[in-house]
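I opened this entry to record how the chains meet and how selected helices pack. My notes follow in the order of the look-ups.

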Amino acid sequence: MALDRLLNVARKEFSDHITSRRFIIILALFLVISAVSIHEGIGLYNNRLEAYNEQLQHMPEAEIEGPYPGWMPEKPSIMLVFLFMMSYMATLGSILALAIGFDLVSKEKESRSLKTLLSHPVYRDEIINGKVLGGVGALGFAMALALAVSLAMLLVFSVVPTLDEFAAILIFGAVSLGFLLAYFAIALTMSTVAKESGNALIYTLVIFFAVTTLLPVLGMMAADALAGDPPELPETAVPMPTPAQSSGGGYDTAVSVDDPRETDPAWREYEEARKAYVEKRRLISDVSSIFSPQMNYMMVSMAVMSPETSAMYTSYGAVQAEEPADLADALGRVWMNIAALIVFPAAFFAATYVKFMRMDIR
Amino acid sequence: MIRTENLTKVYNGKTAVDGLDLEVGEGEVFGFLGPNGAGKSTTILMLTGMIESTGGRCLVDGIEVAKDPLKVKEIIGYLPEDVGFYGNMTGEQNLDYFARFYGMDARKRKERIADLLDLVHLGGVTQKAGEYSRGMKQRLGLAQALINDPKVLFLDEPTANLDPEGVREYRDLVNRLAGEGKTVFVSSHILSEVRAVCQTVGLLAKGKLVAQGTLDEVARTLAPSDGDAVRIVVETREHLPAIEDPEILAVERNGNRAVFRAKTDIRDRLAASFFEQGVHVREMRVEEPDIEDVFMAIYRR
């Protein structure tokens with residue numbers, strides 16, 4: 001494969017994308033909604049910051065009189081700002097990715113330009129790889145613009161990220177791009193399989209709804225069906241101590257020393273059974289959600305934006321106070337979701353490649 | 001320049017091209033004739049390295065196409081049937097995209113594209129290719145086939161979408177290319193088109209090569225056999241008299257007209273005999289097989 005031929009195809013594809021009316025309209029909407037979501041996120045961040053400062057002012061009283069001595073309020077992270085952007089990205093971003101991919105090959109088949117192109121000295125793999133590269137470039141361009149708008153808004157509202165937070169923002173961008181690639185790969189595969197763009201769009205939408213809506217629901221149903229009924233509370237049940245919610249959005253996980261769960265054997269047995277039940281349910285649910293780019297994106301993004309919250313989702317029971325969740329730990333806990341975000345588009349790209357190489361061009 | 005050896009292509013168990021042996025010399029304008037579905041386009045796709053053959057091999061300028069399709073594509077030009085372009089780009093942009101695959105620098109590309117667009121009368125056309133008429137697309141197709149100044153040009157149904165003026169210009173272009181020593185391979189089901197530009201033809205039917213040579217040679221080869229007899233058509237002003245000649249095998253009379261089946265061409269003796277008997281001859285000719293009829297008979301098989 002010659003790089004110049006590959007780049008020639010990629011350059012043309014990238015140029016086609018960023019100058020197409022469809023891309024420009026969806027990108028504009030994408031950027032506006034990103035800006036709005038960042039604005040909402042900044043509002044949330046400022047509220048949390050205000051609460052944090054108030055708590056700090058009352059710290060001496062809390063240390064002495066509060067129910068949880070030794071508790072420290074948690075400073076809110078700038079990454080909170082991107083919480084809303086994540087949910088918009090999951091919907092509008094995927095539409096952008098589908099929109100640029102669903103007719104990439106089928107349109108060439110319909111217009112017969114593919115046959116003309118193939119009559120010139122270029123291999124088929126260079127064409128399909130160039131199309132992928134051009135699409136990735138266009139999505140990367142869209143993502144870079146969205147992040148640039150976000151950073152600009154942060155600075156406008158005098159929210160300056162630290163170096164670590166800046167790195168986390170870049171990682172969030174990379175994860176978001178990986179998520180967009182998953183849907184781009186689905187659309188490209190359908191475009192290669194279908195003879196007409198109309199059919200390609202229908203196939204793409206069917207798969208989109210299957211993996212975003214149907215799969216998680218089926219996963220929950222399978223979890224309910226296979227995990228059975230939850231264990232019943234022991235007769236000696238007493239009210240569970242409730243962890244106090246911190247003003248920073250996290251939970252303080254300290255429990256009182258005379259916890260009946262540590263002294264009553266029936267409680268310990270119940271706890272074991274409940275842990276096994278929850279893990280079984282989560283395993284079934286995880287297996288199904290691993291095929292959903294949306295779920296994987298949410299899990300990985302949450303690990304980047306709020307490692308503490310992510311740790312609560314991915315761990316059974318309480319997170320030990322002496323193990324503060326950092327970004328690397330949080331990403332380590334969601335390694336399966338990260339792997340799925342890589343494997344999912346790779347599998348579809350591979351299918352596209354095989355189909356395109358064998359395509360009848362008469 | 002072009003050679004196929006037992007070239008075969010099978011699609012889903014159906015043989016589209018069946019053991020094709022073909023040879024086209026350098027500088028020849030070759031017409032590849034045959035009815036729709038005969039396997040002409042499939043043969044061209046194999047010759048241009050766009051699909052692989054099921055059996056046999058083909059060579060262009062000594063290069064085996066299946067082994068080095070890219071090298072072949074560098075020296076050929078191909079105008080597909082119903083040629084397509086990128087509708088969001090102008091003709092110039094389309095040509096520039098294709099030209100980049102030949103490693104031409106920007107200046108060379110610009111010059112070549114301007115020359116070709118002028119050649120096909122699309123110079124100065126700024127509209128997008130998606131807005132082109134079919135005739136304009138066909139002319140742009142010719143330009144893209146010539147972008148690399150090819151040694152061999154494959155044209156698949158080149159006049160399909162052209163108006164009479166376009167057809168005339170196409171013929172002039174092919175003649176000019178032939179004058180430059182290029183080999184031109186024209187695939188068509190229209191005999192008159194092939195007859196207008198081609199020196200030699202090959203007739204394909206049901207994937208098999210039925211005949212190859214000049215049009216007259218092919219027509220003679222395929223004409224219904226009448227043994228070695230010569231058919232002489234005669235029309236006289238007066239009633240045809242009885243003619244005695246040992247060479248005559250049979251006479252079919254119809255008023256003042258007759259067709260003599262003879263062992264040899266005896267027109268001189270017939271003329272002398274009619275003169276001696278005072279009969280005026282209006283027409284006397286050796287009946288050649290009608291080329292259209294011969295080809296139609298093959299097409300209908």
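**Entry 1: the interface**

I began with the contact between the chains and found 22 residues of chain A in contact with 25 residues of chain B. I then looked up the area buried between chain A and chain B, which is about 2400 Å². Carbon and sulfur atoms give 62% of that area. On the chain A side, I noted that A:His120, A:Pro121 and A:Arg362 lose the most area to chain B. Together these three residues account for 25% of what that side buries.

**Entry 2: confidence**

I recorded that this is a predicted model. Its scores are ipTM 0.80 and pTM 0.79. For chain B, I noted a mean pLDDT of 88, with 95% of its residues reaching 70 or more.

**Entry 3: H4(A) and H7(A)**

I next turned to helix H4 of chain A, residues 83–101, and helix H7 of chain A, residues 124–156. Their axes lie 11 Å apart, and the packing angle is about 150 degrees. I therefore entered H4(A) as roughly antiparallel to H7(A). The crossing of H4(A) past H7(A) is right-handed. From H4(A), the residues that meet H7(A) are A:Met85, A:Met89, A:Leu96, A:Ala97 and A:Ile100. Among their partners in H7(A) I listed A:Gly135, A:Leu139, A:Met143, A:Leu147 and A:Ser150. I classed the residues of this contact of H4(A) with H7(A) as 11 nonpolar, two polar and no charged.

**Entry 4: H8(A) and H9(A)**

I looked up helix H8 of chain A, residues 163–193, against helix H9 of chain A, residues 197–227. The two pack at an angle of about 145 degrees, with their axes 8 Å apart. H8(A) passes H9(A) in a right-handed crossing. The H8(A) side of the contact includes A:Tyr183, A:Ile186 and A:Met190, and the H9(A) side includes A:Tyr203, A:Ile207, A:Phe208 and A:Val211. The contact of H8(A) with H9(A) divides into nine nonpolar residues, three polar and no charged.

**Entry 5: H8(A) and H11(A)**

I finally followed H8(A) to helix H11 of chain A, residues 293–305. The axes of H8(A) and H11(A) come within 10 Å and cross at roughly 175 degrees. I therefore recorded H8(A) and H11(A) as roughly antiparallel to each other. Residues of H8(A) in this contact include A:Ile171, A:Phe172, A:Val175, A:Phe179 and A:Tyr183. They belong to a set that meets H11(A) residues including A:Pro293, A:Tyr297, A:Val300 and A:Met305. I counted 12 nonpolar, three polar and no charged residues in the contact of H8(A) with H11(A). A:Tyr183 thus appears in my lists for H9(A) and for H11(A).

Technical notes:
Residues are numbered from 1 along each chain as its sequence is written. Chains are lettered from A and ligands numbered from 1 in the order in which they are written. This is a predicted model: local features need pLDDT of at least 70, side-chain atom pairs count only at pLDDT 80 or more; totals for chains, interfaces and linings use all residues. Side-chain values use heavy atoms; hydrogens and water are left out. Axes are lines fitted to C-alpha atoms, for helices over the stretch in contact, and angles run from 0 to 180 degrees between N-to-C directions. Helices (H or I, at least four residues) and strands (E, at least two) are DSSP runs, numbered from the N terminus. Angles under 35 degrees count as roughly parallel, over 145 as roughly antiparallel, 65 to 115 as roughly perpendicular and the rest as oblique. A crossing is left-handed if the near helix is turned anticlockwise from the far one by less than a right angle, and right-handed if clockwise. Contact means heavy atoms within 4.5 Å. Ala, Val, Leu, Ile, Met, Phe, Trp, Tyr, Cys and Pro count as nonpolar, Asp, Glu, Lys and Arg as charged, and the others, Gly among them, as polar. pLDDT is the predictor's confidence in each residue, from 0 to 100. Buried area is the accessible area (1.4 Å probe) that two parts lose on being put together, summed over both.
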